[in-house]
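Reader: I'd like to go through this one with you, a few questions at a time. Could you put it up first?

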Amino acid sequence: MDLTAIQNPQFLKNMSNEQLVQLSKDIRQFLIEKLSKTGGHIGPNLGVVELTIALHKMFDSPKDKLIWDVGHQSYVHKILTGRACQFDTLRQYKGLCGFPKRSESEHDVWETGHSSTSLSAAMGMAIARDLKGTDEYIVPIIGDGALTGGMALEALNHIGHEKKDIIVILNDNEMSIAPNVGALHNILGRLRTAGKYRWVKDELEMLLKKIPAVGGKLAATAERLKDSIKYLLVSGVFFEELGFTYFGPVDGHNFDDLFENLQYAKKTKGPVLVHVITKKGKGYHPAENDKVGTWHGTGPYKIETGDFIQTKQAGPSWSKLVSETVRKLAREDERIVAITPAMPVGSKLEGFASEFPDRMYDVGIAEQHAATMAAGLATQGMKPFLAIYSTFLQRAYDQIVHDICRQNLNVFLGIDRAGLVGADGETHQGVFDIAFLRHIPNIVLMMPKDENEGQHMVYTALKYDDGPIALRFPRGNGLGVPLDDELKQIPIGTWEVLREGKDVAILTFGTTIPMALEAADQLAKEHISVKVVNARFIKPMDEAMLHELLQANMPILTIEEAVLQGGFGSAVLEFAHDHGYYGAVIERMGIPDRFIEHGSVNQLLQEIGLTTANVVERISTLIPRKQKRA
Ligand SMILES: Cc1ncc(C[n+]2csc(CCOP(=O)(O)OP(=O)(O)O)c2C)c(N)n1
């Protein structure tokens, strides 16, 4: 079938199961081909082909609300809702978003990227429906990984209590990105192998009714009996205890099984949970056999071999550099414990995990718990290293304020994917962490200029005994500079002059240093002498150097790949104001006050005006300002 001809899911209503099986094959083929060129979340999407078709056949989107948790598995939904023709642009600048997007389609009723929000959103929509007196179905689709997130559990608790009509589809493939973890995972494992609970209950009720004289009475107490039966058979039906009617396990690749259970779910009052078992990567051998999560999300690959198409990188992966340096130091310091909220592969902690299995904790998608657990470890004199992406650290803001910083505990935050991340777009840009950490008392916040300084900063962080310390580093790879054999501590709060100059000073750190140096080179040709400072400590700042610059009346340009509001440049402005340098010429470059969509990092930097050419231009306007003032 020509998938690009699909306008909306209506066409599914009249299709036979045989036709749907063929459609599933066509969709898989389409995804494997398109994603081999663009990259994307291949494994999760191949796993939900039949499930998505079944949902669109059984429900009436957009009237009925299909809410995709995380949203990385919404590609099949995008195909069925008329967007197949845009797949060549998937995750590219101005192209199709890799997550649900309300502006893209009326069928995308909820935007995601971060995990575990679907059940709360569903509850909000269900309350609105009931207040308005409408009758749409509300259908959140959540993975077994996303279900480990605290928000999802909070919502389950509330939905079960309120008894709202919500049909939760649990897509259980036993994987988060990496294999799923936790007690909940074990409960699902038991349910998976326990056989179909609904049938057992129904059959027993029928059987009881058939017994003469006492049968009716017994059947009347079947509700109570249900409890003992399920305990007998399933040793604790977690979801029923929470107030949900549980249907499952359902074979998520079998249309008969899916339709039958979704039909039951539609007829059932109150909250329902349909437990669907799927296979991540289904239909594409390399993805189907992936045991670690490599095929969760990928770049381009060769279809025949499953080899990834690598672009040559100058330096080592930042995540690897940081995690491996922590691992090296953990050999000498038994207090070091590594923590990841469900990202052992992305954070490159596999080596640490194999060498120190007792000192490595994957806590599931539980950033808040991870942060407070780190604080707990630190109270006992341990040295926790919390490896966490900037964007997901947003979830743990209160834990950082209340538990880590307020108690001034020695927690080392390794803030990965800091700055623009590219193809994942708005929900994943790591651009807020400076603004939401800088104002918290006690924290030290730093970012290295290259991987060599990065490894020294890891050492500095793990030697630091005065409270929380955070190292932010970008997505991708280092610059390819040589690495010193011996690690050394960098004095806290010290900046480094990379290039002397007398007309203007650029204060910047991390990924924007190369553009500052290039701009300085170009301006030198126009006889403008630019001082470039590696402002590697965002907090505390190098106050001595700031006083020196401001006293010398040097115009200052700050550059950061982070939001301007509340950022590093704001800190410099505050400093100047607070110390009475009222006439200081200070300009800031960074990310404007809006969400930045997907695209390559370079395209995004162009869009927001954060390039060498923009720096040159900005400095050219700074010099006349200084002259005017003088
Ligand atoms: C708050 C948050 N933390 C971490 C992630 C990174 N992440 C994206 S998908 C995913 C795993 C989701 O597993 P599951 O819900 O089972 O979906 P599957 O990919 O297995 O279909 C994780 C950890 C995220 N998106 N949001």
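Reader: Let's start in the sheet: which residue of β14 does Ile506 stand opposite?

Author: Keep in mind that this is a predicted model. Ile506 belongs to β13, which covers residues 504-508, and β13 pairs with β14, residues 530-534, in the parallel sense over five bridges. Across from Ile506 in β14 you'll find Val532.

Reader: And which residues point the other way from β13 than Val504, Ile506 and Thr508?

Author: Five of the five residues of β13 are buried, so to speak of cover, the strand is mostly covered, with buried meaning under 20% relative accessible area. Val504, Ile506 and Thr508 point one way, and the residues on the other side are buried as well. Those are Ala505 and Leu507.

Reader: Zooming out, what is the radius of gyration of the chain, and how does that sit with the globule rule?

Author: The chain holds 25 helices and 17 strands. For 630 residues the globule rule gives 25 Å, and the chain comes close to that, so it is as compact as a globular protein of that length. Its radius of gyration is 28 Å.

Reader: What share of the 630 residues is buried?

Author: Take the contacts to begin with: among those with a separation of 6 or more, 78% are between residues 24 or more positions apart. The accessible surface comes to about 25,700 Å², and 52% of that belongs to carbon and sulfur atoms. As for the buried residues, they make up 58%.

Reader: Last one: how far apart are the centres of the positive and negative side chains?

Author: There are 68 positive and 78 negative side chains in the chain. The C-alpha trace spans about 100 × 60 × 50 Å along its principal axes. The two centres lie apart by 3 Å.

Note on methods:
Residues are numbered from 1 along each chain as its sequence is written. This is a predicted model: local features need pLDDT of at least 70, side-chain atom pairs count only at pLDDT 80 or more; totals for chains, interfaces and linings use all residues. Side-chain values use heavy atoms; hydrogens and water are left out. Helices (H or I, at least four residues) and strands (E, at least two) are DSSP runs, numbered from the N terminus. The radius of gyration is taken over C-alpha atoms; the globule rule is 2.2 Å times the number of residues to the power 0.38. Buried means under 20% relative accessible area, exposed over 50%, partly exposed in between (1.4 Å probe, protein chains only). Contact means heavy atoms within 4.5 Å. Accessible areas come from the Shrake-Rupley method with a 1.4 Å probe; for residues, only the protein chains shown count as cover. Lys and Arg count as positive and Asp and Glu as negative; His and the chain ends are not counted. The place of a charge is taken as NZ of Lys, CZ of Arg, CG of Asp or CD of Glu. Two strands pair if DSSP finds at least two bridges between them.
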